[in-house]
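Morning, everyone. I have one structure to walk through, and I'll keep it brisk. Have the sequence and the model open as we go.

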Amino acid sequence: MNLRSIPPPPQKKKKGSMPLKIVAEESPTKNMNMEVKIREFDEERENEKVEDLERQCEFGGQHQGQPSLITHLLGDPFGRIRHFPTRIMMVADYGGDIVGVIRGGIKPVTGGKKVVDDDNLPIYVKLAYILGLRVSPMHRQKGIATKLIQKLEEWCKGKGAEYVYMMTDCANEASINLFTYKFNYSKFCNPTVLVQPVHAHRKPVTSSTAIVQVPPLVAASMYRRIFSNSEFFPQDIESILSSKLHLGTFIGMPKRYLQKWDPQKKLPPCFAIMSVWNTKEVYQLQLKGVSKVTKACCLGSRVLDAHMPWLRVPSIPNMFRPFGFYFLYGLHMEGKGSLKLMKSLCNFAHNMARDDVACAAVVAEVAQWDPVSEAIPHWKRFSWSEDLWCMKKLPNKEGGNNPQPLDWVTSRSASTLFVDPRDF
């Protein structure tokens, strides 16, 4: 389940993967007989046109007779980037018809290193993010995706972005080739996406674990202490934690630490922390193309799980109608026994989702080397480690590269990766 977009031409999917990645057509034809204008999206008048384009891309990419995961933008195509501090949505206009779309956002993030003269001050990099690239199936192979990316990169450079990155599926060769060969993006990392379907029964939280909801300002202070040496930690973390989509930051610790713990001063010696993002308010998903027999089996598993939860039947939620999911982010654990604390936190988030009738899954994305991945409950059938992040350093207006103490393209940091919920 790539929760970003759906790949263009039909491609063979690996079992268990749910491709919802960036879409791009391949190399353009040299002689283009149509005039396409790349301009900014008109939010007041073009919502329906963009949603129609999204539907064309999704239905055009379906495998005949095979299941497909459809995205519902809930009447707000701009919602995918609305919470970025700086953002834009561009469309390809062909005679008044929208035949292509691309979105971008810019934010300052940590680069995984600190200022030499001050070990407590992280280095922030102005980072741009490309998402939601779509081209109408009837207008592919005409260079429209190329023009959209070029225009968006120009906008990013004009806004002072130092780097730009995108996410896609490792199996999406068309998108990878377009960005890496034509636009010189470098493969950066392969995070793991972990998906836990919501069961009918509640999941257990260890009785010795105390779970406390942390106020946004206190949570922001904690996160700055924890992730100051990580990569991609957003400087505007307060804006994320105060968003209406943020459902809360929760810290788990042994109950014996609770009375002596002062959240304003320091973290407990043993703890786990995470935040929950309500993605279903931005877009929802729907599984189509599934046989009636499969639907009946899924319904039977839910009924059995609801009436006999002690059997621990692996029930599958109703994904055949539009459903949402909660995204877990800011996951971190420290101290002996913290793995059990993180499992309790994830079960707590599952129970939150269970109480929301429109929510069918709990999702997290973490670096492959992050030990927290061992503590996150998930189904291997729905999860995958095939996300690919590609990075590019942008030139400045004079044509040279801005001198940086950090170079993401030529070097790698072993620090923790912070996945921003706005990017997912």
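Contact means heavy atoms within 4.5 Å. Keep that in mind for Cys156. By that rule, and not counting residues up to four places away in sequence, Cys156 touches Ile106, Ala128, Ala161 and Leu394. Before going further, please note that this is a predicted model.

Let me stay with Cys156. Cys156 is found in helix H2. Is Cys156 buried or exposed? Cys156 is buried, because its relative accessible area is 1% and buried means under 20%. Look again at Leu394 among its contacts. Cys156 and Leu394 are 238 residues apart along the chain. Their C-alpha atoms are separated by 8.5 Å.

Now the chain as a whole. How many helices and strands does the protein chain have? It comes to 8 helices and 16 strands. The protein chain has 424 residues, and 57% of them count as buried. Next, take the contacts between residues at least 6 apart in sequence. Of those, 79% join residues at least 24 apart.

Two more pairs, for scale. Start with Arg140. Arg140 sits in the loop between strand S5 (122-135) and helix H2 (144-158). Arg140 is in a loop, yet it is buried, with a relative accessible area of 16%. Arg140 and Gly100 are 40 residues apart along the chain. Their C-alpha atoms are separated by 9.3 Å.

The second pair starts at Lys187. Lys187 lies in strand S7. Lys187 is exposed, since its relative accessible area is 52% and exposed means over 50%. The partner is Met166, 21 residues away along the chain. The C-alpha atoms of Lys187 and Met166 are separated by 9.8 Å.

On to His201. Where is His201 found? Look in the loop between strand S8 (192-197) and strand S9 (209-214). His201 is buried, with a relative accessible area of 7%. Its side chain makes a polar contact with the side chain of Asp305, at 2.5 Å. Which residues is His201 in contact with, leaving aside neighbours within four places in sequence? Asp305, Pro309, Arg312, His350 and Arg354.

Now Asn347. Asn347 is found in helix H8. Asn347 counts as buried, at 11% relative accessibility. Leave aside its neighbours within four places in sequence, and Asn347 is in contact with Lys203, Pro204, Val205 and Pro377.

Next, backbone angles. Two residues here have a positive phi although neither is a glycine. One of them is Asn184, at about 60°. Asn184 is in the loop between helix H3 (173-182) and strand S7 (186-189). Asn184 is exposed, with a relative accessible area of 56%. The other is Phe232, with a phi of about 70°. Phe232 is found in strand S10, residues 231-234. Phe232 counts as buried, at 3% relative accessibility.

Last topic, empty space. Rolling a probe the size of a water molecule over the atoms shows where empty space is left. How many cavities of 30 Å³ or more does a search of the whole structure find? The search finds 5. The largest cavity has a volume of about 90 Å³. It is lined by 13 residues, and the closest to its centre are Gly79, Arg80, Trp277, Val282 and Arg422. By class, that lining has 7 nonpolar, 3 polar and 3 charged residues. Which domains does the lining draw on? At least three residues come from each of domain 1 (34-190 + 386-396 + 405-423) and domain 2 (191-383).

Then the pockets. I'll take the second largest pocket. About 360 Å³ of space lies in it. Its lining holds 19 residues. Nearest the centre of this pocket lie Arg302, Pro317, Asn318, Val357 and Cys359. Which elements supply at least two residues each to the lining? Among them are helix H7 (292-307), helix H8 (338-354) and strand S15 (359-366). Helix H8 is where we met Asn347. By class, the pocket lining divides into 12 nonpolar, 3 polar and 4 charged residues.

That's the tour. Over to you.

Notes
Residues are numbered from 1 along each chain as its sequence is written. This is a predicted model: local features need pLDDT of at least 70, side-chain atom pairs count only at pLDDT 80 or more; totals for chains, interfaces and linings use all residues. Side-chain values use heavy atoms; hydrogens and water are left out. Helices (H or I, at least four residues) and strands (E, at least two) are DSSP runs, numbered from the N terminus. Buried means under 20% relative accessible area, exposed over 50%, partly exposed in between (1.4 Å probe, protein chains only). A polar contact is a pair of N or O atoms within 3.5 Å; within protein, one must be able to donate a hydrogen and the other to accept it, and residues adjacent in sequence count only if both atoms are side-chain atoms. On a 1 Å grid over the protein atoms alone, a cavity is a set of points where a 1.4 Å probe fits but cannot get out, and a pocket is an open set with protein on both sides within 12 Å along at least five of seven lines; lining residues have an atom within 4 Å of a point. Grid points are joined across faces, edges and corners, and a volume is the space filled by probe spheres set on the points. Ala, Val, Leu, Ile, Met, Phe, Trp, Tyr, Cys and Pro count as nonpolar, Asp, Glu, Lys and Arg as charged, and the others, Gly among them, as polar. Domain bounds come from an automatic or database domain assignment.
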